[in-house]
Amino acid sequence: MSSFLSSVRVVSWRRDLLGLGLIFGLLFGFHLGGRPLANPDEGRYGEIPREMLVSGDWVTPRLNDVPYFEKPPLVYWSVAASMAVFGSGEAAVRMTGAVFALGGVLLTYAAGRRLFN
C-alpha cells in the first residue's frame with residue numbers, strides 16, 4: 001500500500017509541476033517580443049550582453065565600450081546566451097527573465113509542497 005501511495009504522490013507531483021509550467025510558461029512567454037525594449041533599462045541591459053557577444057570579452061561588461069559593473073555578470077551571461085541562441089531581438093533579451101520567473105514559480109511550489117505537503 002505504501003508503494004502505491006508513493007507512486008500516486010510522484011504522479012501528482014509531476015502533473016502539478018507540468019501544469020504550473022505550462023500555465024506560467026504561457027503567461028510569462030506571451031508577447032515577449034511584441035513591443036520594443038523600454039528605455040532606458042531594457043535597452044541598456046540588452047546592449048551590454050550584445051557587446052559581450054560581439055567583442056568576445058565575457059569578463060568585463062561594457063556599455064558603449066565603458067566598463068559597466070552595475071549588475072552581477074550572471075545576468076549578462078544568461079542574456080548573451082539567449083541572444084546567441086535566439087538572435088538579438090526583444091524576445092531573446094526578455095527570455096532570460098521569463099525563464100528565471102518560471103523557475104521561481106516552480107521552486108516555490110516545490111518548497112511549499114515539501115514543507116507543507
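**Helix α3 and its surroundings**

Good morning. In helix α3, the buried residues are Y76, S78, V79, A80, S82 and M83. I should state at once that this is a predicted model, and that my remarks concern what is computed from it.

Let me begin with the geometry of the helix. α3 runs over residues 73-86, and its 14 residues, at 1.5 Å a residue, should span 20 Å. The C-alpha atoms at its ends are 20 Å apart, so the expected span and the model agree. After α3 comes G87, which has a positive phi, near 95 degrees.

What covers the buried residues of α3? The cover includes two helices, α2 (41-55) and α4 (90-116). I shall concentrate on α2.

The axes of α2 and α3 come within 8 Å and cross at roughly 70 degrees. Angles from 65 to 115 degrees count as roughly perpendicular, and α2 is therefore roughly perpendicular to α3. The crossing in which α2 passes α3 is right-handed.

Which residues meet at this crossing? From α2 they are Y45, G46, I48, P49, R50, M52 and L53, and from α3 they are Y76, W77, V79, A80, M83 and A84. By class, the residues of this contact comprise 11 nonpolar, one polar and one charged. Several of the α3 residues just named also belong to the buried set, among them Y76, V79, A80 and M83.

I turn now to the backbone. Most residues other than glycine have a negative phi, and most peptide bonds are trans. Three places in the loops deserve attention against that background.

Two of them are in the loop between α1 (2-29) and α2, which holds H31 and P40. H31 is not a glycine, yet its phi is positive, at about 65 degrees. Is H31 buried or exposed? With a relative accessibility of 53%, H31 counts as exposed, because the cut-off for that class is over 50%. Further along this loop, the peptide bond joining N39 and P40 is cis, with omega about -10 degrees.

The third place is D65, in the loop between β1 (62-63) and β2 (66-67). D65 is likewise a residue other than glycine with a positive phi, near 65 degrees. Its relative accessibility is 60%, so D65 counts as exposed. How far is D65 from W13? The two are 52 residues apart along the chain, and their C-alpha atoms are separated by 48 Å.

Thank you for your attention.

Methods: Residues are numbered from 1 along each chain as its sequence is written. This is a predicted model: local features need pLDDT of at least 70, side-chain atom pairs count only at pLDDT 80 or more; totals for chains, interfaces and linings use all residues. Side-chain values use heavy atoms; hydrogens and water are left out. Helices (H or I, at least four residues) and strands (E, at least two) are DSSP runs, numbered from the N terminus. The expected span of a helix is 1.5 Å times one less than its number of residues. Buried means under 20% relative accessible area, exposed over 50%, partly exposed in between (1.4 Å probe, protein chains only). Contact means heavy atoms within 4.5 Å. Axes are lines fitted to C-alpha atoms, for helices over the stretch in contact, and angles run from 0 to 180 degrees between N-to-C directions. Angles under 35 degrees count as roughly parallel, over 145 as roughly antiparallel, 65 to 115 as roughly perpendicular and the rest as oblique. A crossing is left-handed if the near helix is turned anticlockwise from the far one by less than a right angle, and right-handed if clockwise. Ala, Val, Leu, Ile, Met, Phe, Trp, Tyr, Cys and Pro count as nonpolar, Asp, Glu, Lys and Arg as charged, and the others, Gly among them, as polar.
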